[in-house]
Amino acid sequence: MNARLDHRNPLVFDTHELGRRPGAMQRLSRSVEAPADLGVEVIGVPAGATVELDLRLESVVEGVLVTGTARAPLAGECVRCLEPLEQELEVDFQEMFSYPDADSRLRQAEPEEDTEEETFFVEDGLFDLEPVLRDAVVLALPLRPVCREDCPGLCSECGARLAEEPDHQHHDAVDIRWAALQGLAGTNQDGEKDDVSGPEPGADEKQEK
């Protein structure tokens, strides 16, 4: 269990109205500011952007089952042309927030199983949605965001944005292993041209004299 939850945090929700009455249900809608680092390196929800939440809270024996939808703007960079891009994200999620005492009873009643799943708790009638929201958003993000599906990207030789230059010509790539030889060949050709020019005018006359 972490430090006590702050009810003033917009991502902390109160379940006191539900009580511990299995079958009781509550619907909530809330607009919150996105926490920092809600995303990955190339795309994510900008810090402070508005996230719209629609939640359904259901009281069950073990705790509170939270089912919800989050809608938020995304900002990032196209992986092909590196231009800024903006998209909209809508993601569904569901998570169980257990009562601490119910969780201990379940552990005694059920055999222990090896699991890496994180357990979330209701603490003093409150639960923190941020880690659940963060996991849901990050898993829903595109792995390779693009500004459009047919984005042609950048020229691999000069870096020109091909969408802006549809007639961009391909560059003739020269193998660097041959570049030095080509330069040497050019030098030899220049020398041969000098030799072909022949002797100076009047050279034969000088020899006869």
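Which residue forms a salt bridge with Arg4, and how far apart are the closest N and O atoms? Keep that question in mind while the whole chain is on screen, and bear in mind throughout that this is a predicted model.

**The whole chain**

Begin with a cartoon of the protein, in which four helices and nine strands can be picked out. Followed along the sequence, these elements come in the order β-β-β-β-β-β-β-α-β-β-α-α-α. If you colour by burial, 28% of the 209 residues should appear as buried, and if you switch to a surface view, the accessible area comes to about 14800 Å², with 47% of it belonging to carbon and sulfur atoms. A contact map is a useful companion here: among the contacts with a separation of 6 or more, 61% are between residues 24 or more positions apart.

**The strands β4 to β7**

Next select β6, residues 63-77, and bring in its partners one at a time. With β4, residues 43-45, β6 runs antiparallel and is joined by two bridges; show Ile43 to find it opposite Gly76 of β6. With β5, residues 50-59, the sense is again antiparallel, and eight bridges join the two strands. Glu58 has Leu65 in β6 as its bridge partner, and a hairpin through three residues connects β5 to β6.

Now add β7, residues 84-98, which pairs with β6 in the antiparallel sense over 15 bridges. The hairpin between β6 and β7 has six residues between the strands, and Leu82 in this hairpin takes a positive phi near 70°. Further along the pairing, Val66 stands opposite Glu95 in β7.

**The nonpolar core**

Stay on Val66 and display its surroundings. Leaving aside neighbours within four places in sequence, Val66 is in contact with Leu55, Arg56, Leu57, Phe93, Gln94, Glu95, Phe97, Phe127 and Leu129. Then widen the selection to the largest nonpolar core, which has 39 residues; those that touch the most other members are Val45, Val51, Leu53, Val66, Phe97, Leu129 and Val137. The elements that give two or more residues to this core are β4, β5, β6 and β7, together with the helix α2 (130-140). In soluble globular proteins, nonpolar side chains tend to be buried together.

**The salt bridges**

Finally, show the charged side chains, among which the count comes to seven salt bridges. Side chains of opposite charge can pair when their charged atoms come close.

Select Arg4 and Asp124 to settle the opening question: the two form a salt bridge in which the closest N and O atoms are 2.9 Å apart. This pair links distant parts of the chain, since Arg4 lies in the segment before β1 (12-14) and Asp124 in the loop between β8 (120-121) and β9 (126-128), 120 residues apart. Arg4 is exposed, with a relative accessible area of 67%, whereas Asp124 counts as partly exposed at 47%.

Move on to Arg8, which forms a salt bridge with Asp6, the closest N and O atoms being 3.0 Å apart. Arg8 is exposed at 66% relative accessible area, while Asp6, at 32%, is partly exposed.

End the tour at Asp150 and Arg148, whose salt bridge brings the closest N and O atoms to 2.8 Å. In this pair Asp150 is the exposed residue, with 55% relative accessibility, and Arg148 counts as partly exposed, with 40%.

Methods:
Residues are numbered from 1 along each chain as its sequence is written. This is a predicted model: local features need pLDDT of at least 70, side-chain atom pairs count only at pLDDT 80 or more; totals for chains, interfaces and linings use all residues. Side-chain values use heavy atoms; hydrogens and water are left out. Buried means under 20% relative accessible area, exposed over 50%, partly exposed in between (1.4 Å probe, protein chains only). Contact means heavy atoms within 4.5 Å. Accessible areas come from the Shrake-Rupley method with a 1.4 Å probe; for residues, only the protein chains shown count as cover. A nonpolar core is a set of buried Ala, Val, Leu, Ile, Met, Phe, Trp, Tyr and Cys residues joined through side-chain atoms within 4.5 Å. A salt bridge is a side-chain nitrogen of Lys or Arg within 4 Å of a carboxyl oxygen of Asp or Glu. Two strands pair if DSSP finds at least two bridges between them.
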